[in-house]
Structures are given as C-alpha cells and as structure tokens.
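Subject: The structure you asked about

Hi there,

Here is the structure, with the sequence alongside. Could you open it first and keep it on screen while you read my notes?

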Amino acid sequence: MLNMEHGSGSLGSLILVVTISFVIPILLYHLRLRVIPVVVAEILAGILIGKSGLDLVGNDPWVELLSLLGFIYLMFLSGVEIDFSSFSKQKNSTLKKYRPMTVAVIIFLGIFVLSGVMSWGLVALGLVNRAFLTTLIIGTISLGVVVPVLKERKMLQSNLGQTLLLITVLADFFTMILLAFYVSFLSRNMTKLVFLLMFFLLVILIYQFVKRFASGKVFQVLGESSIQFGTRAIFTLIMAIVFLSESLGVENILGAFLAGMIVSLMRPKKEFIHQLESFGYGFLIPIFFVMVGAKLDLTYLFKDTKILMAIPLLLLVMFLAKMIPMLILRKWFSWRDVISSGILLSSKLSLVIAAATLALDLHIIGESFHGALIMVAILSCLLFPTLFNKLAPVVTENKQSIAIIGLNHITLPVAQDFMKEDMYLIRVFTANDFEESSRGHEPPISEFVQVLKKMTEPLLKQSGAFDADILVFATMDDAFNIHMARKLKAESDKRVLVRIESPETQREILNEGFEVFSTLYAARTVLRALIDSPGALKLLSEEEGTIFEVSIQHLPYRSTFLRQLPNLENLLILRIYRGQSYLIPHGNTEIRLGDRLLVSGPPEHIEAFRAAVS
C-alpha cells in the first residue's frame, strides 16, 4: 500500500489544493464569471481554505515544494512572454509621425518617474517606508493580464496594441532586473553585488552556449524524435540557472526569469510554447496561486486601519501613474482609446505578488502590508480589465499582408485572385517592366505591383516587402529565392514560401523547414489528381474556392475540443495538420495552438471562423 506520509506532511493538503485548482475553472464557467481571471479565483479559494478561512492547509512540505516550483515556473513563463522582436519592429504606421517603440519608451520613463514621485508621497503620509520598492510595485504592469486582453480584442497588430505591448514588456523586464539589484543593495554587501554582476555575465555565456547547441545537428535530430527532447532541455536550463543563482546568492526567481528570456530569444514555435504553458498553468502555477491565498492572513490587514485605508489609495495611485503619461497618446488617438489604455495598464498580478512575497520573506515589509499588496493585485485584475473591455472601441481586424517577390505567369493570376476576393493585402515586387502586359487585366496590375530598379535585398527592405506577414519568393532565380528565404528565416519567424525548380535542391530546402513550390511539381500533382481523383480536383479548383486552410492562433479554453470551436456552423473540417503530420478530425479531437485546419464551406462563414480563432 502506498504510504501517503512524507516527512512531517501528507498528500492530503496537496490533493486538496490540486482539486481546488481543477474545480475553479469549472465553477467560473458554470456561474458565467469569465470576467474574473482564473488566478484571482484561485487566490480567493486559497483564502477560503487557508489561514484567513477554514485553515485546512498547513505548512505541508509537499505543497510548499510544489508552490515554490510554481513560483519559479511562473517567473520563467513571464520571461518567455517577452517578445524581443517587438523592440526592433517598427511597422509602417498609418498615423503621421507615429513610432510605437519611441512612444512606448517615453511613456515607460514617465510611468517610472511618476511612480517614484507618488511613492515618496506615500512615504510622507506614513503609509509605506520603502520608497524604491513601492516605486517598482506602482510602476509594474501585468504582462500575463495585458497580453490575453489585447489578443482577445484583436489589438496586438494595431498601432495602439503594439504600443501597449511594448510599454508592458519594458515595465516587466526592468522591474524584475531592478528588483534583483534592490535586494542586493539592501544587503549592504559589495560581494553580493559583485556576485549579481557575475551571475548576469554567466547567464550571457549560457545563452551563447544554448544558441549554438540549439542550432546544432544533435538538437535538431533529437528535437524531432518522440522523446520530447526540447522539453527536457528547457527544464535542464531552468534548473541550471536557478541553481547558479542560489549558489551566487541571487534570488531564484531572477534566474527563472532570465531562463525564460533565453528561451524567448531562441524564437521557439508557438506549439512548443503552448506545451510549456500547459504544464505550468495546468499544474504548478495554480498550486502557487492557491497557496498565496492560503498563506494570506487577513486578520493582520483588518487590525491595521491605516493599511486597510491604503488599499483604495494604492489603486488610485497605480491608475494615475499610468494615466498621466498615457496622455501623450492623445496626439494620435481618441480620448476613449487613451483612457481605456491607461485603465488596462493599471492591472497588476504576477510581479506584484512576486515582489510582495519576496519582500515578506526578506522582512522588508510586514504581514499587513503584504496582505494589502495582494488585495490590490486581486482588485486591479478584477476592475481594470473589465473597465477596459467596457470602454475600449471595437477594433476592425487587420487583413494579413502578403508580399510576392517576382512577377510572372504563376504569381500574377494568384495575386489577381486574392485581390478580387479581398481576403489579403497583396503586393507584388518586380524589377521587370510590366506595362505592355497590363492591359485588359481586372483589377489593374498597377494597383498591387511595385517596380524596383533592381531586385536586391536593400531595395526590397526599403520598399517594405519584408514587413508583410507572409512572403513568397517566386522569381525565376532559384539561388536568389533560397538566399533571401534563409536570410529572412534567420531574422524572423514569418511564414516563407520559396519557388525552387531543381528537384535535388527542393529536398534540401524542405529539410530546412521551408514551404517549397515549383511549376513542375504542381503540374505533376494536378495531372495525377485529374486521373485518380477528378472530383477532389474539381472541389479544389471551383471558382468560388470552397476549401481554405485556417491556422489556430487563439483558443477559447486552454484545453479545447474541435466541437467547442466557435462559428463552426455550415463548415466541414476535412483535416487537421499538426507539424509534419495530420489528424482525421472528430468532435473530441483536441485542438492546439498552431494547428492548421482544412475547412470547406461558404467563404463568408470561413472568414467568420478564421476571425474567431486567429
């Protein structure tokens, strides 16, 4: 019989906490309380079963260990969520003289300075005694709240959405780094500061090693096997950096955060990120949030009237610290956009809880102020995202843009078909004179073709070809197509299609992960289909185009079955492509981020479905 005892604890507390984390999403769904973030509900449930409630969970070593691992993994995922490509992306804005990165930096600096001023005001009022720590807490923004809200409202690709994302990333990154230096400074020990700098240097060396190892043949081969080698490598990386941080006297959450940043810099596939998130948010992280609530002793909070009164004041200060710098956006956006954006950026969660927990462990703050900070984080996540959803204008979804490099007998009719269907923003780049062949075409070729003096990388970049979401290299020069595709893949994770006529070269490029097409392969495939399956070919080539591929970029739940996808009325799912394999669909097939669905049905219904899952 399995012994349920381990040391001074038992599995009873762990089973209770895990059961609560399982039941919470079900209750929120049935009670139609989706406006409440799951993590907030988990903290509230923890309060119910912990010190402030029924006191069913004590200092159990099983739960404490898994809660610590959940905390570490949460900080790791916070690092993974930082999209470093957003720092270099300066999309051609439709707004005059508007550069999202520049504006985001100015607003972030304004938030930080204003947070410092307000922190000193709170010190003067006698509500807090650590001005710099309060500055970090007031200035931070919850990346884990802002990103899902922007995704849900389809704002991430808009000028305003990009600006809000960049501000949040800057706040998240610098808060974590400054918090580490602050803790080292409090020790009044120069050796600890030297160890911290040494730790950053070693992390840079680890990143260089990981980058070289991940591009090597061993990782590529093992990564495609069934042993989940990538997942093993990630957990080895986390544990190695966390161990290094603890050995040098640095906070382990900083080590986990930097491990996440390393993974983000490697630009992993979305499916792999979803796999990592599934493990964290499905098991470890809920245990941490439930235990945050369980350890919270609200009796200290209610005994201290001054701290209790500070909660609404802290919420107001956090809002004003974001709202005042955001007024600069009024130059380009409406008052409704500006006010709703300031409200959303006032949301706090992970880093406030992390900073509060760390400060309590280091005896920087007391139980009562720790409880107040947790309550502020909970209330901000309940109030601010809800108000944002009420105030923010509905965003018209941007069409995907396609850049086709090379104008010829293959690309011209395809571009014209897409222009007629009005599904994509199409631009074709060529160095050839097309005026003689442009007569009689509908729509006119001049509407979507841009002529360059010469087909070179600098001119393509200058003309904005590389800003498109999908790039098709379809010139008659295989070497040029391959060179440009490889260069683009090294710099971004955009979808790239390459025209290659040589069969030997095709196999080589396919092994590198590119999508390849050729006139010879297409003609052979069509002829075979015409002989073997004329009905299937007719379905594919019908004028109305009844079959489309839809990529899953957004899911209503973390675990979603095919039958739960929205807007499936009048549609038939023919096949589900996942990586290099495919699935035969049925109602209980689990859908994952990155899956590509082959869908048949009326174009307007397919577009409604695409809008709901992208």
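Below are my notes on the fold, the cores, the openings and a few single residues.

First, how to read the values: this is a predicted model, so local features need pLDDT of at least 70, side-chain atom pairs count only at pLDDT 80 or more, and totals for chains, interfaces and linings use all residues. Residues are numbered from 1 along each chain as its sequence is written, and side-chain values use heavy atoms, with hydrogens and water left out.

**The chain as a whole**

The protein chain has 25 helices and 14 strands; these are DSSP runs, numbered from the N terminus, with helices being H or I over at least four residues and strands E over at least two. Of its 614 residues, 47% count as buried. Buried means under 20% relative accessible area, exposed means over 50%, and partly exposed is in between, for a 1.4 Å probe and protein chains only. Contact means heavy atoms within 4.5 Å. Among contacts between residues at least 6 apart in sequence, 72% join residues at least 24 apart.

**Nonpolar cores**

A nonpolar core here is a set of buried Ala, Val, Leu, Ile, Met, Phe, Trp, Tyr and Cys residues joined through side-chain atoms within 4.5 Å. The largest one holds 135 residues, and M75, F76, F199, L254, M326 and I353 touch the most other members. Leaving out residues up to four places away in sequence, I353 touches I43, F288, F289, V292, I374 and A377. Another core of 31 residues lies apart from it, and I470, L497, L571 and L597 are among its members. As background, nonpolar side chains tend to be buried together in soluble globular proteins.

**A pocket and a cavity**

Both were found on a 1 Å grid over the protein atoms alone: a cavity is a set of points where a 1.4 Å probe fits but cannot get out, while a pocket is an open set with protein on both sides within 12 Å along at least five of seven lines, and lining residues have an atom within 4 Å of a point. Grid points are joined across faces, edges and corners, and a volume is the space filled by probe spheres set on the points.

The second largest pocket has a volume of about 450 Å³. Its lining has 19 residues, with F71, F288, K295, T357 and D361 nearest the centre. The elements giving two or more residues to this lining are α3 (61-80), α12 (252-265), α13 (270-295), α17 (350-361) and α18 (367-391). By class, the lining has 9 nonpolar, 4 polar and 6 charged residues. For these classes, Ala, Val, Leu, Ile, Met, Phe, Trp, Tyr, Cys and Pro count as nonpolar, Asp, Glu, Lys and Arg as charged, and the others, Gly among them, as polar.

There are 5 cavities of 30 Å³ or more. The second largest has a volume of about 40 Å³, and A180, V183, S184, K192, G249, V250 and E251 line it. Helix α8 (residues 159-186) gives the most to that lining, with 3 residues.

**Residues to click on**

P286 lies in helix α13 and is buried, at 4% relative accessible area. P286 and E42 are 244 residues apart in sequence, yet 6.8 Å apart in space, C-alpha to C-alpha. Not counting residues up to four places away in sequence, P286 touches S21, E42, G280 and Y281.

M323 is in helix α15 (residues 305-326) and is also buried, with a relative accessible area of 10%. Beyond its neighbours within four places in sequence, M323 is in contact with V338, I339 and G342.

Which loop holds L568? L568 lies in the loop between β10 (560-561) and β11 (572-578), and N567 is found there too. Setting aside neighbours within four places in sequence, L568 is in contact with L562, I573 and F609.

Two backbone angles are worth a look. Most residues other than glycine have a negative phi. N567, however, has a positive phi of about 60°, and this residue is partly exposed at 35%. D55, in the loop between α2 (38-49) and α3, has a positive phi near 55° and counts as exposed at 51%.

Best wishes
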